[in-house]
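Me: I should like to go through this structure by asking how each description is justified. Please set each value against its definition.

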Amino acid sequence: MESMQKPNLVQLSRRAWLGGTAATLALSTLSSQVSSQPGSTPIAAGTDAPVTNKVSLTVNGTPRELSIDTRTTLLDALREHLHLTGSKKGCDQGQCGACTVIVGGRRITSCLTLAVMHQGDEVTTIEGLGSPENMHPMQAAFVRHDGYQCGYCTPGQICSAVAMLSEIKAGIPSHASADLLAPAQATTSEIRERMSGNICRCGAYSNIVDAIAEVAGRQA
């Protein structure tokens, strides 16, 4: 009988977020595996010292290397270590979307993924999309349509919207798509469905949809 394949670092990292016994076992195995990798700092016997590991990322086009606790989320790595505070920590449970960033062209909630899982990845935050002097078209549309009030969720909304339009362009359907084989369209129902993972507590949803629709219309 063949032996079971040993789980890799990414699999263990994901299991660590399952909670309960699975999380305890995954973190324990993850710590021992990471501590044996080159560049890592092992835990000394009988101490509570964290396991650290080096991770290299390309953030907003700039190569960055960090030596961080293996339990550090991508969100905390961006905010606390790289001081890119545009991405916001809202619920810290992946439900509000305030921490949304773009990794490898896909939008993710950065509070639910460990930084060590993204070795070599390209990460784009709101700071990398544009600046006050040279705004991304989506940022400019949010300003024109007043797609925010307090602004706390806005970075995540904009990152999500930019990646969402790329999904539509790639023909990826959603739960609102009537025909899964037809080209995806940036209709109001599609935009609302695809942006449903981003919560705006101020209730600026109609203006957010208008901003996204304007950019989608120019890209069509």
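Me: Which residues is Thr 100 in contact with, leaving aside its neighbours within four places in sequence?

Reply: Contact means heavy atoms within 4.5 Å. By that criterion Thr 100 touches Arg 107, Ile 108, Thr 109, Gly 156, Cys 159, Ser 160 and Asn 198, once neighbours within four places in sequence are set aside. The model is a predicted one, in which local features need pLDDT of at least 70 and side-chain atom pairs count only at pLDDT 80 or more, while totals for chains, interfaces and linings use all residues. Residues are numbered from 1 along each chain as its sequence is written, and side-chain values use heavy atoms, with hydrogens and water left out.

Me: Why is Thr 100 called buried?

Reply: Buried means under 20% relative accessible area, exposed means over 50%, and partly exposed lies in between (1.4 Å probe, protein chains only). Thr 100 has 4% relative accessibility, and therefore counts as buried.

Me: What does the side chain of Thr 100 reach?

Reply: The side chain of Thr 100 reaches the backbone oxygen of Gly 97 at 2.7 Å. A polar contact is a pair of N or O atoms within 3.5 Å; within protein, one must be able to donate a hydrogen and the other to accept it, and residues adjacent in sequence count only if both atoms are side-chain atoms.

Me: Where does Thr 100 lie among the elements, and what is the pattern of the protein along the sequence?

Reply: Thr 100 lies in strand 3. Helices (H or I, at least four residues) and strands (E, at least two) are DSSP runs, numbered from the N terminus. On that basis the protein has eight helices and five strands, following the pattern α-α-β-β-α-β-β-β-α-α-α-α-α.

Me: How do you know which strands pair?

Reply: Two strands pair if DSSP finds at least two bridges between them. Strand 3 (residues 100-103) and strand 5 (residues 122-124) have two bridges and pair in the antiparallel sense, with Ile 102 opposite Thr 124. Strand 1 and strand 2 are also antiparallel, over eight bridges, and there Ser 56 stands opposite Glu 65. In the hairpin of strand 1 and strand 2, two residues separate the strands, and Asn 60 takes a positive phi near 55°.

Me: What is the order of the sheet, and what makes strand 2 and strand 4 edges?

Reply: The five strands form an open sheet in the order 2-1-5-3-4, with mixed pairing. Strand 2 (62-69) and strand 4 (106-109) each have a single partner strand, so one side of each is left without a neighbour in the sheet. From one strand to the next, the twist averages 40°. Angles run from 0 to 180 degrees between N-to-C directions, with axes fitted to C-alpha atoms, for helices over the stretch in contact.

Me: Which strands does helix 6 touch, and how do you know that its span agrees with expectation?

Reply: Helix 6 (residues 154-169) packs on the sheet, touching strand 3 and strand 4, and its direction makes about 40° with that of strand 3. The expected span of a helix is 1.5 Å times one less than its number of residues. For the 16 residues of helix 6 this gives 22 Å, and the end C-alpha atoms are 23 Å apart, which agrees. Helix 6 is mostly covered, with 14 of its 16 residues buried. Gly 171, just after helix 6, takes a positive phi of about 80°.

Me: Why is His 83 called exposed and Asp 92 partly exposed?

Reply: His 83 has a relative accessible area of 59%, and is therefore exposed. Asp 92, at 38%, counts as partly exposed. His 83 is in the loop between helix 3 (74-81) and strand 3, as is Asp 92. Phi of His 83 is near 60°, a positive value in a residue other than glycine, and Asp 92 likewise has a positive phi near 60°.

Me: What is the mean pLDDT of the protein, and where does pLDDT stay under 50?

Reply: pLDDT is the predictor's confidence in each residue, from 0 to 100. The mean is 86, and 78% of the residues reach 70 or more. Over residues 12-21 pLDDT stays under 50, and the model has 21 contacts there beyond four places in sequence. Where pLDDT is low, the predicted coordinates should not be read in detail.
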